[in-house]
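Welcome, and thanks for taking a look at this one. Here is a short briefing to read alongside the structure.

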Amino acid sequence: MSSPNGGGFWMPPQASTVAAEVDSLFDFILYLNYFFFALITVLAIYFAMKYRRRRADQEAAGQLDHSMKLEWTWTVIPSLFLFVLFVWGFRLFLDMSTPPADALEVRVIAKKWDWRFEYANGAKTYGELIVPEKQAVKLVMASEDVLHSFFVPDFRVKQDVVPGRYTTLWFEALAPGTHQVFCTEYCGTKHSGMLATVTVLPPDEFKKRYDSGFEDPNAPKDPVAAGQQLFTQRGCMACHSVDGTKGVGPTLKGIWDAEEKMADGSSVKVDDNYIRESLMDPNAKLVAGFGPVMPSFKGQLDDQQVNDLIAFIKSLK
């Protein structure tokens, strides 16, 4: 559940230390636009009515001289507003761009179409960023393929994740809760499904989870159930359906023990070795009709996890 602070008609709840200031600047700009829209509209209607041509034989007004007082007025007043907006926005930009020195650092790796989070203790989570409340968190982000963008509306933070370089953002969550993460840079056919969550925990609970490597005590023990959970967490469903529907990648329904035709014209039997190879080196054998878009999971899955995924695929009759 997200923090109940702030929010409203235009904005989601304010769940970070910068959210209230971002909303204040947004509201100032919004109401400033309302005011000038109403002022200009009223004046336009007033002058159109006041100086309209009233008779067919009425002569047009002659050339009018300019008014220095009026010109200075409509130049200086908007300039003052622009100066206020610049100073306010620039100070907020600096605050949002400069993480505290003691911030908890987390690496974020984006790829089509999921998010991976790597912590200083070597632990990794997929599709869920776990952080403590009331502690600054610095994200150091990179992409393995194309341009992505990490956006948490409740925190009012967003940053592009660019291949070939690192970008950063930071936030400090106000209270325990769960917050939605979106990718806001179009990155391919499953862009809209590239989702994650930020789970904010009390400091003691976070330390306990962190020290345990974020192992889930409620993780299923049954290999099929564990494989299904992995399939969901790692975003496999973004490319592979389990109901026979063709997607970015081939469906997994009923493929076990079947003969799959490869792009080079050969055929391969779907067994343990083929699944393992497809996970570790997905471009080694490409199924006919599909492109080389699957990322490698080498170094990301241990033997038990691979076995669980195989058990899940076997169950898809």
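A good place to start is the salt bridge between the side chains of Asp23 and Arg156, with N and O 2.7 Å apart. Asp23 belongs to helix H1, while Arg156 sits in the loop between strand S6 (148-152) and strand S7 (157-161), so the pair ties together parts that are 133 residues apart in sequence. Please keep in mind that this is a predicted model.

**Around Asp23**

- Asp23 counts as buried because its relative accessible area is 4%, under the 20% cut-off.
- Its partner Arg156 is buried as well, with a relative accessible area of 9%.
- Asp23 also has a polar contact with Gln14, where the two side chains come to 2.8 Å.
- Gln14 is placed in the segment before helix H1 (19-50).
- With a relative accessible area of 16%, Gln14 is buried too.

**Other salt bridges**

- The structure has 8 salt bridges, and a few further ones are picked out here.
- Arg276 pairs with Asp303, and their closest N and O atoms are 3.5 Å apart.
- Arg276 is in helix H5 (residues 272-280) and Asp303 is in helix H6, so this salt bridge links parts that are 27 residues apart in sequence.
- Arg276 is partly exposed, at 30% relative accessibility.
- Arg116, Glu118 and Glu144 are joined into one network by salt bridges that share partners.
- Glu105 and Arg107 form another salt bridge, with 3.6 Å between the closest N and O atoms.
- Glu105 is partly exposed at 34% relative accessibility, and Arg107 is partly exposed at 33%.

**How H4 meets H6**

- Helix H4 (residues 223-233) packs with helix H6 (residues 303-315) at an angle of about 100°, and their axes are 7 Å apart.
- The two helices are therefore roughly perpendicular to each other, since angles of 65 to 115 degrees fall in that class.
- From H4, the contact involves Pro223, Val224, Ala226, Gly227, Gln228, Leu230 and Phe231.
- From H6, the residues taking part are Gln305, Asp308, Leu309, Ala311, Phe312 and Ser315.
- Sorted by class, this contact of H4 with H6 has 8 nonpolar, 4 polar and 1 charged residues.

**Two buried strand residues**

- Which strand holds Thr167? Thr167 is part of strand S8 (residues 167-172).
- Thr167 is buried, with a relative accessible area of 5%.
- The backbone oxygen of Asp160 lies 2.7 Å from the side chain of Thr167.
- Setting aside neighbours within four places in sequence, Thr167 is in contact with Leu139, Val140, Met141, Gln159, Asp160, Val161 and Val162.
- Val131 is located in strand S4 (residues 128-132).
- Is Val131 buried or exposed? Val131 counts as buried, because its relative accessibility is 0%.
- The contacts of Val131, leaving out neighbours within four places in sequence, are Val137, Phe171, Val198, Thr199, Val200, Leu201 and Phe206.
- Val131 and Ala173 are 42 residues apart along the chain, and their C-alpha atoms are separated by 8.3 Å.

Key:
Residues numbered from 1 in each chain as written. Predicted model: local features only at pLDDT ≥ 70, side-chain atom pairs only at ≥ 80, totals over all residues. Heavy atoms only, no water. Helix = DSSP H or I, 4+ residues; strand = E, 2+ residues; numbered from the N terminus. Buried < 20%, exposed > 50% of the residue type's maximum accessible area, 1.4 Å probe, protein only. Polar contact = N/O pair within 3.5 Å; in protein donor to acceptor, adjacent residues only side chain to side chain. Axes fitted to C-alpha atoms, helices over the stretch in contact; angles between N-to-C directions. Parallel < 35°, antiparallel > 145°, perpendicular 65-115°, else oblique. Contact = heavy atoms within 4.5 Å. Nonpolar A, V, L, I, M, F, W, Y, C, P; charged D, E, K, R; others polar. Salt bridge = Lys/Arg side-chain N within 4 Å of Asp/Glu carboxyl O.
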